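Thanks for sharing this one with me. Here are my notes, set out point by point so that you can follow them alongside the coordinates.

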Amino acid sequence: MSDAKPSYFLPIGPIHPALKEPINFTLKMNGEVVEEVDFAPGRAHRGIEWMGMRRNPVQILHLCDRICGICGVHHALAFAQAVEQIAGVEVPDRAYYVRTIIAEFERIQSHLLWAGVAAHELGFDTLFHLAWQVREESVDVIEYITGNRINYGIIMIGGTRRDITQDMYPRIERALTYYEDLFAKMADLFLNDKTIHMRCRNTGVLSKQRALELGTVGPTARASGLAMDVRVDSPYAAYGDLDIEIILPEVYGQETVGDVYDRIVVRLYEIVQSVTIIRQCLAQMPEGSVLAEEKYAKLLNGLKKASGEAFGRVEAPRGEDLHHVRMNGKQEAPEMWKVKASTYSNQMAWVDILRGEQIADIPIIVASIDPCMSCTDRVAMVRQDGDAGVITKEQLHQLSVRKTREMQK
Amino acid sequence: MRATMTPQQIADHFSKRFEGQISDISVREWAEGTKKVPIRSVWMRIPREQIIDAVRELVAIDYPHLGVVSAVDCGDIIELLYHMQVFFGGRHEEIEIIFTVPIPKNDPHVPTITEVIPGAVYTEREKQDMIGVIVDGIPDNRRIFLPVDFPEGVYPWRKDEKGIPDSMIKELWRVGRPEGRPSPAVKVIEKPERVQAISSGDSTGPVNPPEKQGEELLGGEKNE
């Protein structure tokens, strides 16, 4: 009898305003179980690369900030890195440290934002509120340093637009202590919770081999035991001067499974790592200016004449960002600008990690690679026999919550 | 130690293996921070016939991480740049390998590398969309980023007559609403929800019929 159950298709998406790659899932279901996965990104492609190829590098920098609302500074960093190589701009050492500090605060706020979303998807809303409340501290510090909560606009070709001065250290130090003190509590809440363990252990497993073959990056790759981190592999900014190691799930003293639970472990420990990185930066900060060329007209004139090509790679909170830039010395705008965001590399993993899982697990598995979550805002379910119905995001969320409650019984 | 070769050794290895076919081999370095730890890369130009073999050769050295394939319109040819890294996971050991593959515009074909690196299908689909290079043997031939009603034969990254025409970006107010789009997958519910709620008896709170609501509103206005 159960064999006769017809499979049906479950489309999810596609409107997804926050990312460069909005997404539309089509899942072939058999009962509650996902049989096949297909996805179609690009439903709100903004053509940012096209726009960039008609603008000068300083304008592009501010466009970079807006590629992603959460990891904007990393795109600006990668682009600046590429252009500085082409034009041979000598960045002052202090600027590398300021860049690193901002990048790490961005990682803290991004990982906490993700932790909150993950808790919410599991129906653990108390933890979601807590994670988002403590996230505010990092966003406040970012605002204190740059003047903005998002779209910081602090990166400039040849350095940064603002300095971190001695009188700002106490405020930054306060935030670092706050996160250090908090870690034990957060780790206990996330990693020792029976329900989170039940829902996330052995859910959405990605093997190390597949993580490598599919080209995944960042915490998604590391949670599968694949050691890769641009900060350690190809150190940019101040990372080469610092003592950092790649965070793998073993850090928690358990065997690597490559599931959602391991992705939580990696991200939580990376928050602590970010705190130590910022500490090291503050201790070693070299003196001097933070900008190679203060006159923008002169800077732009120099960039106009630059020719050549280079790539910039950085480790954004979600993984590697790669910018490839080619300039020909004849025009202000680059001849070519290709942006590769981290989710671009991680999306292929969905096909593997969703297969064989249940509908109620879709939200947490999709969230586990840390894309932006508005893609599940609206879900339409169409059965093959023509019986059409709609599942709202709320209903899908309720399914997930109900599964948690049932497991708790 | 993860690295078994230096960038120069990789360059020499490839120039020997693909003698006469590889050109413009260069080893580059870039360093940031006070300690100036080098970020090393090897760039080389490879004909499209050799790309699969070249990637296989790289897999034999160390399974690479494929970052992205980027594309440049250079007039008569299109250049595809395969950005790959080997020896990641060590400390400061990674080497970036960039294969530049020139493709003539009058015959824009390139073989797929998905049999060696399955994850490449994502970026190969993007190249078909954006620059109009046909990837032979690609396991998934659909569009990826461009919408279904995007005109055929227009490629956003092209700088020739096949690029985005002015008509698609200028005076957009003339264009009006898009037509001929596929109909939505979901049936439109014709009855207003409120009426449904009454008939099914699910409603718990008082529901005012529309006429009464209007009267109240009018009454309120009169009082003021």
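1. A reminder before we start: this is a predicted model. Please read each of the points below with that in mind.

2. Let me begin with the sheet in chain B. Strand S4 (residues 77-86) of chain B is a good place to start, as eight of its 10 residues are buried, leaving the strand mostly covered. S4(B) has a pairing with strand S3 (residues 65-74) of chain B, antiparallel and made through nine bridges. To find your way along this pair, look for Ala71(B), which sits opposite Leu80(B) of S4(B).

3. How many residues lie between S3(B) and S4(B) in their hairpin? There are two, and Gly75(B) in the turn has a positive phi of about 90°.

4. S4(B) also pairs with strand S5 (residues 95-104) of chain B; these two run antiparallel and are joined by 10 bridges. A handy marker here is Ile77(B), whose bridge partner in S5(B) is Pro104(B).

5. Now for the contact between the chains. Chain A contributes 42 residues to it, and chain B contributes 34. On the chain B side, at least two residues come from each of strand S1 (23-32), strand S2 (37-45), S3 and S4. S3(B) gives the largest share of that side, with six residues. By residue type, the side of chain B that touches chain A has 19 nonpolar, nine polar and six charged residues.

6. Turning to chain A, have a look at helix H2 (residues 57-64) and helix H3 (residues 72-87), which pack with their axes 8 Å apart and at an angle of about 155°. Angles over 145 degrees count as roughly antiparallel, so that is the description that fits H2(A) and H3(A).

7. Which residues make this helix contact? From H2(A) they are Pro57(A), Ile60(A), Leu61(A) and Cys64(A), while H3(A) brings Gly72(A), His75(A), Ala76(A), Phe79(A), Ala80(A) and Val83(A). Eight of the residues in the contact of H2(A) with H3(A) are nonpolar and two are polar, with no charged ones.

8. Last, helix H11 (residues 260-284) of chain A. Its 25 residues should span 36 Å at 1.5 Å a residue, and the C-alpha atoms at its ends are indeed 36 Å apart, so the two values agree. Is H11(A) largely enclosed or largely open? Because 19 of its 25 residues are buried, H11(A) is largely enclosed by the rest of the structure.

Conventions: Residues are numbered from 1 along each chain as its sequence is written. Chains are lettered from A and ligands numbered from 1 in the order in which they are written. This is a predicted model: local features need pLDDT of at least 70, side-chain atom pairs count only at pLDDT 80 or more; totals for chains, interfaces and linings use all residues. A residue is buried if 20 or more other C-beta atoms lie within 10 Å of its own, exposed if 12 or fewer, and partly exposed in between; C-beta atoms are placed from the backbone. Helices (H or I, at least four residues) and strands (E, at least two) are DSSP runs, numbered from the N terminus. Two strands pair if DSSP finds at least two bridges between them. The expected span of a helix is 1.5 Å times one less than its number of residues. Two residues are in contact if their C-beta atoms, placed from the backbone, lie within 7 Å. Ala, Val, Leu, Ile, Met, Phe, Trp, Tyr, Cys and Pro count as nonpolar, Asp, Glu, Lys and Arg as charged, and the others, Gly among them, as polar. Axes are lines fitted to C-alpha atoms, for helices over the stretch in contact, and angles run from 0 to 180 degrees between N-to-C directions. Angles under 35 degrees count as roughly parallel, over 145 as roughly antiparallel, 65 to 115 as roughly perpendicular and the rest as oblique.
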